[in-house]
Amino acid sequence: MASKKREVQLQTVINSQSLWDEMLQNKGLTVIDVYQAWCGPCKAMQTLFRKLKNELNEDEILHFAVAEADSIVTLQSFRDKCEPVFLFSLNGKIIAKIQGANAPLVNKKVISLVNEEKKIAAGEMVRPQYQEILLTDSDSDDAGDARYQSAEEQYSIAIIKPDAVRKALEIKENITNAGFVIATEDKTVLTEEQVRDFYSAMEDQPDFEEFLSFMTTGLSYVLVISHGSQEQESWEELRPESEPKEPSEDQPEVEAKPPPRVTRKKWDSLQEYLERQHVSQFCDVEEDVADVSKFMDLFFPDFKKTKGMKLEKTLALLRPDLFQERTDEVLNIIENEGFKILMQRQVVLSEEEATTLCKEYENEDYFGKLIENMTRGPSLALVLLRGNGLQHWKQLLGPRTVAEANEHFPQSLCAQFAMESLPVNQLYGSDSSETAEREIQHFFPPQNTLAVIKPHVTREQREEILRSIKENGFDLTQVKEMLLTRERADKVYSKITGKDFYKDVLEMLSEGPSLVMAMTKWNAVAEWRRLMGPTDPEEARLLSPDSIRAQFGISTLKNAVHGSSTAYDAFECIGRLFEESVPQNPEKN
């Protein structure tokens, strides 16, 4: 369906070149929030825009718009940029640009330009001749970007190898203690393509294929490490060799001065620093600028887009009345705002849980009614993930009460989804990262399960399965390639060791090594069994065509993957196969 220009309360939505051209016909000043489709307009500035609109009351000469850079040819130079950009169009000419959500600067610019337009209309001044800003990349712009990257965004890529994963915390602490910053990281099983690309200089070595197998059959950490741009200043312990002497009677007392400010040499090379710390054998580093850029795209395809936006989880909750009546609308908004729903479940809150989540209302007259409402039926709890997710979700929610939302933030979810039953926001969000972590652990307690990728699965298929595991929110905690001998297989298949067909299982497992994994997620056992699909691949292709067994299974025996049937079985198998500690109180379900 063709896009149409539509007024959304405050800002006109522009999502095509024709609508952009139409907007340039506006008389007066148009303030344009240029945004990327993946992150949406800058919600933080809407309060200022509403204030300006109401206070200046100049609807004929002051307009506001949001423009999607991805859909407008004129704005192609702003694509793939994460920083907000505000353009100022005066009678169809772009005459100013402000980068970043700088509310005071935008406020000053709008008021100045509107006052000028009023004076021009009244004949009190002649229109200034503004130079139009060209919205294209220039050589100077590129040079500026290069200088910025060189000064502000010097990165390295580091891989902590499978045999050093147990030392990962220690290695990362060493890195950060030296003043480096871990910009992002991923715990993963590397693909063959990733290993061959990163270690291409080693490919001619005779034992490279063995090394390739080692790197693709265990967990590694991949780190993007920022070097920063400034020399680090330090007040390290610079005590004088002897204590300062007391002034003698014939000497005037001099005011004590602090120790001189000392500049500590910033480590230019991460590799050099790791060698000094005697941990370089556990961690391989790439520092060449061109190669780092290439490997960023290989390991973290979205990093350059989301740079400066920390991926954050938050707990979201739809109260019972909203959950019963308008869930689909809320979920659509969540998706459109760029959130990924990692987990969701219905939950009937206890009085204690409801009291904790509604603590901000405890002094209100309706608090008792609110708790009664929250405990009488199911709510929907969700774990959401997005760049700057905590702040963005709180901005979307709006104020705590419907009255305040209707008066000041009519676009907020609080105003949009108000219910007559209660005067409060029908949605909830964690107020800090610490709170989010605690609440997610409470409502979605992690569970362990054991997963096996069987010998007949090809390397390419294994990579697809691992990608699916990651996309479905599982956290790989332990990974090991091993031949499942009779002794090991008995631990994994303990429930069928007495069956006639068990000898066929053992024969299948003896064909080559299996990849054995310990995985963690809320409701992990059931979620992994759902993702695997029915035991018979033919049945899986009929009933669950997107499941792993439907895609990669050959027969009931060679059905690609295996998983524990209960949390207790998983607990027993993980302990026996990995000989490492697991939670002491597994669920016995």
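Is Cys414 buried or exposed? In this predicted model, Cys414 has a relative accessibility of 0% and therefore counts as buried, the cut-off for that class being under 20% relative accessible area. Cys283 is likewise assigned to the buried class, because its relative accessible area is 1%. A search for disulfides across the whole structure returned zero.

At the level of the whole chain, the secondary structure consists of 24 helices together with 20 strands. Of the 589 residues in the chain, 45% are buried, and the surface that the chain exposes amounts to about 32,000 Å², with 46% of that area supplied by carbon and sulfur atoms. When contacts between residues at least 6 apart in sequence are considered, 76% of them join residues that are at least 24 apart.

Cys283 belongs to strand β12, which spans residues 283-286 and is covered on both faces. On one side of β12 lie Cys283 and Val285, on the other Asp284 and Glu286, and all of these residues are buried; the acidic residues Asp284 and Glu286 are thus included among the buried positions of the strand, because buried denotes a relative accessible area under 20%. Strand β12 is joined by four bridges to strand β7, formed by residues 155-160, and the two strands run antiparallel. Within this pairing, Val285 of β12 is the bridge partner of Ala158.

Elsewhere in the chain, an open sheet is formed by four strands, arranged in the order β18-β19-β17-β20 and paired in antiparallel fashion. Its edges are provided by β18, comprising residues 475-482, and by β20, comprising residues 561-563, each of which pairs on one side only. From one strand to the next, the twist of the sheet averages 20°. The edge strand β18 is connected through seven bridges to β19, which covers residues 514-522 and runs antiparallel to β18; in this pairing, Val479 has Met517 of β19 as its bridge partner. Helix α24, made up of residues 567-578, packs on the sheet and touches three of its strands, namely β17 (446-453), β18 and β19. The direction of helix α24 makes about 60° with that of β17.

Terms used: Residues numbered from 1 in each chain as written. Predicted model: local features only at pLDDT ≥ 70, side-chain atom pairs only at ≥ 80, totals over all residues. Heavy atoms only, no water. Buried < 20%, exposed > 50% of the residue type's maximum accessible area, 1.4 Å probe, protein only. Contact = heavy atoms within 4.5 Å. Areas by Shrake-Rupley, 256 points an atom, 1.4 Å probe, with all protein chains shown as cover. Pairing = 2+ DSSP bridges. Axes fitted to C-alpha atoms, helices over the stretch in contact; angles between N-to-C directions. Disulfide = S-S within 2.5 Å.
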